[in-house]
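Please examine the sequence and the structure shown below before reading on. The explanation then proceeds from the whole chain to individual residues.

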Amino acid sequence: SFALEITISEDKYFVNNHEISFDELKTKIDGLETGAVIKINDENSTLKAFNAVKDYLDEKKIAYNVSDR
């Protein structure tokens, strides 16, 4: 099971089917416990939006799985 599931659709971010800003997403990521794994659902995301999340998770050393829907 994943600590957080993020869906990136074009340039928008969704958690639990609610659109949130990138800053709100970073706050949620920062609140996760050590060792948490995140699931990223890529729904035709823009490269910029996808890389923003990926780079932030890499910077925080948080594991993630990516699935294309």
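The paragraphs that follow describe the overall fold, the surface and charges, and then three residues in turn.

The model discussed here is predicted. Its chain contains two helices and five strands, and these elements succeed one another along the sequence in the pattern β-β-β-α-β-α-β. The radius of gyration is 11 Å, close to the 11 Å that the globule rule gives for 69 residues, so the chain is as compact as a globular protein of that length. Taken along the principal axes, the box filled by the C-alpha atoms is roughly 30 × 20 × 20 Å.

How are the contacts distributed along the sequence? Among those between residues at least 6 apart in sequence, 71% join residues at least 24 apart.

The next topic is burial and surface. Of the 69 residues, 30% count as buried. The chain exposes about 4,600 Å², and carbon and sulfur atoms supply 44% of that area. As for charge, there are 9 positive and 14 negative side chains; the centres of these two sets lie 2 Å apart.

Attention now turns to single residues, beginning with T7. This residue is placed in strand β1, which spans residues 4–9. Is T7 buried or exposed? T7 counts as buried because its relative accessibility is 12%, and the cut-off for burial is under 20% relative accessible area. The side chain of T7 also takes part in a polar contact of 3.3 Å with the side chain of N41.

Two further residues are of interest for their backbone geometry. Most residues other than glycine have a negative phi. Against that background, which value does phi take at N17? The angle is near 65°, a positive value in a residue other than glycine. N17 lies in the loop between β2 (12–15) and β3 (18–20). With a relative accessible area of 75%, N17 is exposed, because the term applies to values over 50%.

K61 is the second of these cases. Although K61 is not a glycine, its phi is positive, at about 60°. Where in the chain is K61 found? The residue belongs to the loop between α2 (47–59) and β5 (63–68). The relative accessible area of K61 is 76%, so this residue is exposed.

Taken together, the residue descriptions place T7 in strand β1, N17 in the loop between β2 and β3, and K61 in the loop between α2 and β5. T7 counts as buried, whereas N17 is exposed and K61 is exposed as well.

Notes
Residues are numbered from 1 along each chain as its sequence is written. This is a predicted model: local features need pLDDT of at least 70, side-chain atom pairs count only at pLDDT 80 or more; totals for chains, interfaces and linings use all residues. Side-chain values use heavy atoms; hydrogens and water are left out. Helices (H or I, at least four residues) and strands (E, at least two) are DSSP runs, numbered from the N terminus. Buried means under 20% relative accessible area, exposed over 50%, partly exposed in between (1.4 Å probe, protein chains only). A polar contact is a pair of N or O atoms within 3.5 Å; within protein, one must be able to donate a hydrogen and the other to accept it, and residues adjacent in sequence count only if both atoms are side-chain atoms. The radius of gyration is taken over C-alpha atoms; the globule rule is 2.2 Å times the number of residues to the power 0.38. Contact means heavy atoms within 4.5 Å. Accessible areas come from the Shrake-Rupley method with a 1.4 Å probe; for residues, only the protein chains shown count as cover. Lys and Arg count as positive and Asp and Glu as negative; His and the chain ends are not counted. The place of a charge is taken as NZ of Lys, CZ of Arg, CG of Asp or CD of Glu.
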